[in-house]
Amino acid sequence: MLSSILLLLLSLSISGSLVIILISIICRLLNKKLSPQWQYYIWIAAIARLLLPFSPAENLMGHLHSSNNTNSYADAFHSSTEINSNQDAFHSLNLPDSSSEKSESQNKINTMHSFKTRLKRILRKLYEYRQYLCIFWLVTAMLVLMRKITLYQDFKRFIQAGSAPIDDIDCLETLSNIESMLGIQKPIELWSSQLIASPILIGFCHPCIVLPQENYRSEKDSLSKAFYYTILHELIHYKRRDMYYKWLVQMTLCIQWFNPFVYIMARQTSRLCELSCDEAVTARLKSDSEQKEYAATLLAAMSTKPYTYKEQTASLTLTENKKLLKERMEFIMRKKETAMSKKLLTAVLTAAIAAASIYSGSLPADTSAAKNGTEQIEGSSQSNTPESSISENTTDIFPEKDTLKSIKSTNSKDNEITAEQADEMALALTNKIWVWEWVEFFVPYMSKEGAKQLVSASKHAEWAGAVDQTTGKKLKFTKKQINRARKKAPSEPLTCRDIDSHALMIMQSNGDWDCISFMLPYMSKKGIQAVTRCYNSKHGDEKKRAADYY
């Protein structure tokens with residue numbers, strides 16, 4: 001279960017990273033043509049892709065994973081002879097007898113072989129320790145979350161200890177007027193503190209604007225424009241629920257703490273939060289002089305006095321750093337364009353990014369577990385396997401080159417499989433298991449009538465009525481899946497050699513003899529020996545003899 005969750009998390013991380021890269025490229029290329037508000041909220045598409053394991057039946061992650069599972073074992077089955085064939089081809093060429101050229105080519109071949117060997121060892125180690133990796137991810141995510149919550153609580157206590165409510169009637173009246181203008185029904189508290197250098201908004205249930213202890217009166221003893229703009233800025237943050245958005249990003253960081261692209265997203269959303277708020281404020285200013293006064297308010301808030309306590313996660317502040325302030329000043333003084341072409345561009349980009357986020361998809365936890373052999377689909381015989389058999393089982397997931405080479409080189413059945421025989425095996429496999437990618441292997445070679453029977457067969461199979469734990473829908477094969485698989489015209493006919501590799505892959509993943517028993521009549525002697533040996537390594541208390549199935 002933990003390993004399937006880890007695989008689901010990795011698929012979400014990869015697809016979310018692709019969306020982050022896409023949004024980053026678009027925002028960088030079209031920065032001045034896109035409003036900060038659009039750039040700010042479009043990151044929700046990336047957040048949704050990183051957190052939500054929902055995706056259409058056809059998606060990028062599922063396609064890549066199914067292609068890998070369909071072909072990986074077959075590729076491994078035949079890759080053992082690639083090096084030997086390359087060597088034979090090299091020696092068969094009529095080239096000058098140059099020992100240096102031969103040694104150079106031989107070194108390249110050996111390097112490639114060494115790299116593949118090391119990669120297999122790394123993958124094998126990761127597979128062996130997958131449970132520990134999942135636990136390590138979970139513990140780290142909890143620690144990061146606890147640290148952020150603790151910092152937030154400490155920050156609130158610190159501010160409350162050094163703050164006092166503002167009782168100036170004019171200040172409170174201005175606050176009330178701006179609340180009415182923005183349509184804010186819930187009263188916002190107004191405090192002052194000598195421990196901060198810039199105005200901030202804190203609190204979820206009891207929001208509060210905390211101002212530095214400064215004189216907000218002008219020379220005529222009336223409230224300055226700086227006070228008005230400061231309150232307007234912070235209340236717009238509250239109205240847009242920027243605090244919740246900021247914590248949603250932080251939650252994503254906790255879950256996807258290992259993904260460097262998520263930290264890029266967090267920095268961009270923090271930057272765009274202030275820029276988009278400035279956009280909302282300046283949209284309510286009628287003249288250039290008011291915009292200059294607002295810009296002067298930002299400059300005044302950027303005090304040289306350092307923060308006594310600084311925690312960006314916990315609050316929304318008027319200013320953060322000088323680099324961002326410069327960008328905000330340039331934006332405030334920039335002339336705003338409201339051309340129809342700009343609106344059309346943002347609409348098209350929104351639709352494109354949303355479609356990319358949806359199509360990138362994820363892997364369902366239960367299906368991914370079945371495909372990768374991390375959980376037994378039927379029975380619990382593996383729990384009784386002795387430790388020696390477990391180590392052999394791990395080895396069988398990455399078959400040794402010599403074993404695969406012997407199967408291919410001595411295959412005595414190169415006969416082609418007929419469409420009727422492919423129909424028989426596909427329908428029999430459909431009755432036993434719901435893993436579509438295993439059945440899909442036969443579909444391009446099936447007859448038209450046989451392929452039509454797959455939908456009906458899935459509805460009356462032994463597993464009919466089973467529910468996908470991720471989507472909540474009943475498992476069944478669809479006409480769309482079958483038609484798509486039928487379009488994959490095979491370049492070569494299906495042979496008994498191909499049945500050998502497919503049966504071995506199923507046995508390595510599932511360990512259920514019933515799922516490959518109907519393939520035995522079409523397998524070679526060496527292929528039957530391979531699946532028998534794999535089965536015996538998984539079931540130490542039950543042995544099968546390959547000679548019984550020749």
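These legends go with an overview and three close-ups of a predicted model. Local features are given where pLDDT is at least 70, side-chain atom pairs count only at pLDDT 80 or more, and totals for chains, interfaces and linings use all residues. Numbering starts from 1 along each chain as its sequence is written, and side-chain values use heavy atoms, with hydrogens and water left out.

**Figure 1. The whole chain, with 23 helices and 5 strands.** Helices (H or I, at least four residues) and strands (E, at least two) are DSSP runs, numbered from the N terminus. The protein chain has 550 residues, and 45% of them count as buried; buried means under 20% relative accessible area, exposed means over 50%, and partly exposed is in between (1.4 Å probe, protein chains only). Take the contacts (heavy atoms within 4.5 Å) between residues at least 6 apart in sequence: 76% of these join residues at least 24 apart. The accessible surface adds up to about 28,700 Å², and carbon and sulfur atoms own 57% of that. Areas come from the Shrake-Rupley method with a 1.4 Å probe, and for residues only the protein chains shown count as cover.

**Figure 2. A nonpolar patch on the surface, built from I14, L18, I21, I25, L29, F261 and I264.** Together these residues have about 600 Å² of accessible area. Patch members have over 30% relative accessible area and no salt bridge; nonpolar side chains (Val, Leu, Ile, Met, Phe, Trp, Tyr) are joined within 5 Å, like charges within 9 Å. A salt bridge here is a side-chain nitrogen of Lys or Arg within 4 Å of a carboxyl oxygen of Asp or Glu. Helices α1 (2–29) and α11 (260–282) each chip in at least two residues, with α1 giving the largest share, 5 residues. L18 sits in α1 and counts as partly exposed because its relative accessibility is 41%.

**Figure 3. A positive patch made of lysines K448, K452, K459, K474, K476 and K479.** Lys and Arg count as positive and Asp and Glu as negative, while His and the chain ends are not counted. Each charge is placed at NZ of Lys, CZ of Arg, CG of Asp or CD of Glu. Helix α20 (residues 448–459) gives the most to this patch, with 3 residues. K452 is part of α20, and its relative accessible area of 58% makes it exposed.

**Figure 4. T346 in helix α14 (residues 340–360).** T346 counts as buried, since its relative accessibility is 15%. Leaving aside residues up to four places away in sequence, T346 touches L34 and W38.
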